[in-house]
Amino acid sequence: MKLFYQNILFIISLFLTLQVFGQDTYLDNFNTVSYSNNNGSLNYSTNWVETNDNNNPNSGRIRITGNELRFEDISTNNRRITRSADLSAHSSAVLTFDWQTSGLDGDSSGERLNVQVSSNGTSFTTIGTFTGSQSGSFSQDISAYISAFTTIRFINAGTCSYCNWESGEFVYIDDVQIEVPSSNAAPVLTGTGNQTYCPGSSIPIAETISITDTDDTSTNAVYIQISSGYINGEDVLTLTGTHPNITSSWDAVQGELTLSGPATYTEFETAILAVEYSSSATSPTGTRQFSTTVGEANYLPATGHYYEFVDQVGITWTAANTAASARTYFGLQGYLATLTSQAEADFSGSQATGVGWIGGSDAATEGVWEWVTGPEAGTVFWNGAIGGSSPNFAFWNTNEPNQSGNEDYAHITHPNVNPNGSWNDLSNTGAASGNYQPQGYVVEYGGTPGDPVLSITATTTITIEPIPTITSTTPGSRCGSGTVTLGATASAGTVNWYATATGGSSLGTGTSFVTPSISSTTTYYVDATSNGCTTAARTAIMATINTGPSITTQPVNSTICPGCSTTFTVTASNTDTYQWQFFNGSIWLNLTDTGIHGGTTTDTLIITNVRPLDNGNQYRVQVSNSALTCSPVTSVIAVLTVNTSALITNRRITYRVDKN
């Protein structure tokens, strides 16, 4: 039952008073089952107090239910409820609320509920009467009753014999508000923050925050908006830590976190610094701007203006235009929003909570759409109907504006009509229900000549940095103890080397790393850091220490006779390659299976038919492993001795004597 219909004549006169000073409100929206709710910028001086009922908001003839104050079966001048506010500091006051009656026997002398006001809490004057089965919004100037004890009372003050209600007859009251002009100086909010965000983490939205106010030390609420780059369903703001006097509420549609008090500015400063941004996306990109404001309207840094969606189902465009023009925000003049860029359209449209009027119309000249409100009044933004053109910027929905039934007023479409935030043309009343029924209007503040210069918003920024990855690794190996050279490359940033998979200090940086001297195979790890963002997990790289070939049995010297044969044999481990060599007096030469030599690439060198001139030949073998990078291992030298025969000649007879 959020109807909010305005008393237009009163608003026009009140506007002249409030446009300089702004408004403060005493408000109970009954969204909590409690008689102590204070939902406005100022607090009532008392709770609601029942008389002749149980004074319990959960039960009784008078109670809170369905987010409304409900009355049932009220006898005349019997059950009633009152609440007081200290209005002594104010020069004027307006009482408003929404109401609905159900089943009251309705004539001027029958069943009714009266609203009364008093300046002393004792003597009351009836200022409104509700009967029958109907609904509406009530608005009344109560400036004549301003005092330290201004009291509002709801009572069945009938005087007839038929004034008692029966069971099942109800009256519902909602959003009881007293609006007063405010001469308070606007607070000054400053903040800093230009940080890098690493996906998968969370980060405070501000690095410093300061709130100062010349005449206040506390406030009821602070609003933090993701004002640029917001992605619904991925981006989130969260209040961390413990803040006894502050609660938080996240609005995923608007991308806004509300910090609710009341609390001191110092407490709000602490809470703002504890608000963190995070994204659930695997690979988010771009930048995010955050607007922290002492006040309810949302701030768009691109324009320096404030935007507010006012929920009022069924309001006409002309009534919305009047109502928006009557609103101020810390002295800034309000008007139906004029959306002159995509960023502004997205912000006030896609992040609005409903379907709202904006300040465009072609009522003056059919097919010539112009902004008729605010500083842009008179600026043409579209010529023609469907398929027309824009001299600057327009964001019509598909096949709009279609002039279907004398539709002369611009309206932000329902979220069911994509793309979100786009516009369509409607008649002054719009549809009675469905996607084209007006849900309210968007008010813009800022840019009007004479507006004060405010500093109630701090803007901070984060830039999303892609997480770097390790793109390649180069393991290393060697034979035996010593250092090993390893390599790695990254998609961005600096490569860091570690001895452990997690924790520990860096051993060094760069794409190449030389290990300390190691005697066994060892695993090292790398990650990459870029603009403060580090690879999610370290990558392992192996430094391998190989056990090279070794000779367990060396070849031994051999002595044979000319024309005889012999072998040199070696026993080796971890070996698959043999190469026997011969020393020619200067260098060692690799042997091949030719002449007297055979088995030159096996573990046994075969020598056949040796000659006397082979006496003293030196041999050795080099063993290696083809799968390893180890250097060959060389055997000891084996010497071949050839025993030659001695010749003795006597009287022409020659004898051969074997030295053996």
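# A guided tour, from glutamine 403 outward

Begin by selecting glutamine 403, which counts as partly exposed because its relative accessibility is 27%. Glutamine 403 sits in the loop between β28 and β29, and its phi is positive, about 50°, although the residue is not a glycine. Keep in mind from this first stop onward that the model is predicted.

## Around the first loop

Stay in the loop between β28 and β29 and select asparagine 406, which has its place there. Asparagine 406 is a residue other than glycine with a positive phi, in this case near 60°. Now select proline 401, which lies in the loop between β28 (379–383) and β29, and display the backbone from glutamate 400 to proline 401, where the peptide bond is cis and omega is near -5°.

## The whole protein

Zoom out next, so that the whole chain is in view. How many helices and strands does the secondary structure of the protein come to? There are 4 helices and 54 strands. Taken along the principal axes, the C-alpha atoms fill a box of roughly 180 × 60 × 50 Å. The radius of gyration of the protein is 46 Å, whereas a compact globule of 660 residues would have one near 26 Å.

Colour by burial, and 46% of the 660 residues count as buried. The protein exposes about 29200 Å², of which carbon and sulfur atoms supply 48%. If you colour the charged side chains instead, you will find 19 positive and 51 negative ones, and the centres of these two sets lie 31 Å apart. Among contacts between residues at least 6 apart in sequence, 68% join residues at least 24 apart.

Colour by pLDDT before moving on: the protein averages 89, and 92% of the residues score at least 70. Select residues 1–21, over which pLDDT stays under 50 and for which the model has 55 contacts beyond four places in sequence. Where pLDDT is low, the predicted coordinates should not be read in detail.

## Helix α3 and the strands it meets

Select helix α3, residues 317–325, and show its buried residues, which are Trp317, Ala320, Asn321, Ala323 and Ala324. Which strands do the buried residues of α3 pack against? They pack against β25 (332–336), β26 (356–361), β29 (409–412) and β31 (440–445). One of these strands, β29, also borders the loop that holds glutamine 403.

## Leucine 42, histidine 90 and threonine 46

Move to leucine 42, in the loop between β1 (23–28) and β2 (49–51). Leaving aside neighbours within four places in sequence, leucine 42 is in contact with Asp24, Thr25, Tyr26, His90, Val180 and Asn220. Add threonine 509 to the selection to see a wide separation along the model: the C-alpha atoms of leucine 42 and threonine 509 are 59 Å apart, with their positions 467 residues apart along the chain.

From leucine 42, step across to histidine 90, in the loop between β5 (80–85) and β6 (94–102). Is histidine 90 buried or exposed? Histidine 90 counts as buried, because its relative accessibility is 17% and the cut-off for buried is under 20%. Not counting residues up to four places away in sequence, histidine 90 touches Tyr26, Leu42, Ile146, Val180 and Pro181. Tyr26 and Val180 also appear among the contacts of leucine 42.

Return to the loop between β1 and β2 and select threonine 46, which has its place there and counts as partly exposed because its relative accessibility is 30%. Not counting residues up to four places away in sequence, threonine 46 touches Arg83 and Ser84. Threonine 46 and alanine 85 are 39 residues apart in sequence, and C-alpha to C-alpha they are 6.9 Å apart in space.

## Threonine 219 and proline 262

For the last stop, select threonine 219 in strand β16 (residues 218–228). Threonine 219 is buried because its relative accessible area is 18%. Beyond residues up to four places away in sequence, threonine 219 touches Pro262, Ala263, Tyr265, Phe268 and Val294. The C-alpha atoms of threonine 219 and serine 260 are separated by 8.9 Å, although the two residues are 41 apart along the chain.

Finish on Pro262, one of those contacts of threonine 219. Proline 262 has its place in strand β19 (residues 256–264), and the peptide bond that joins glycine 261 and proline 262 is cis, with omega about 5°.

Terms used. Residues numbered from 1 in each chain as written. Predicted model: local features only at pLDDT ≥ 70, side-chain atom pairs only at ≥ 80, totals over all residues. Heavy atoms only, no water. pLDDT = per-residue confidence, 0-100. Contact = heavy atoms within 4.5 Å. Helix = DSSP H or I, 4+ residues; strand = E, 2+ residues; numbered from the N terminus. Rg over C-alpha atoms; globule rule 2.2 N^0.38 Å. Buried < 20%, exposed > 50% of the residue type's maximum accessible area, 1.4 Å probe, protein only. Areas by Shrake-Rupley, 256 points an atom, 1.4 Å probe, with all protein chains shown as cover. Lys, Arg positive; Asp, Glu negative; His and termini not counted. Charge placed at Lys NZ, Arg CZ, Asp CG, Glu CD.
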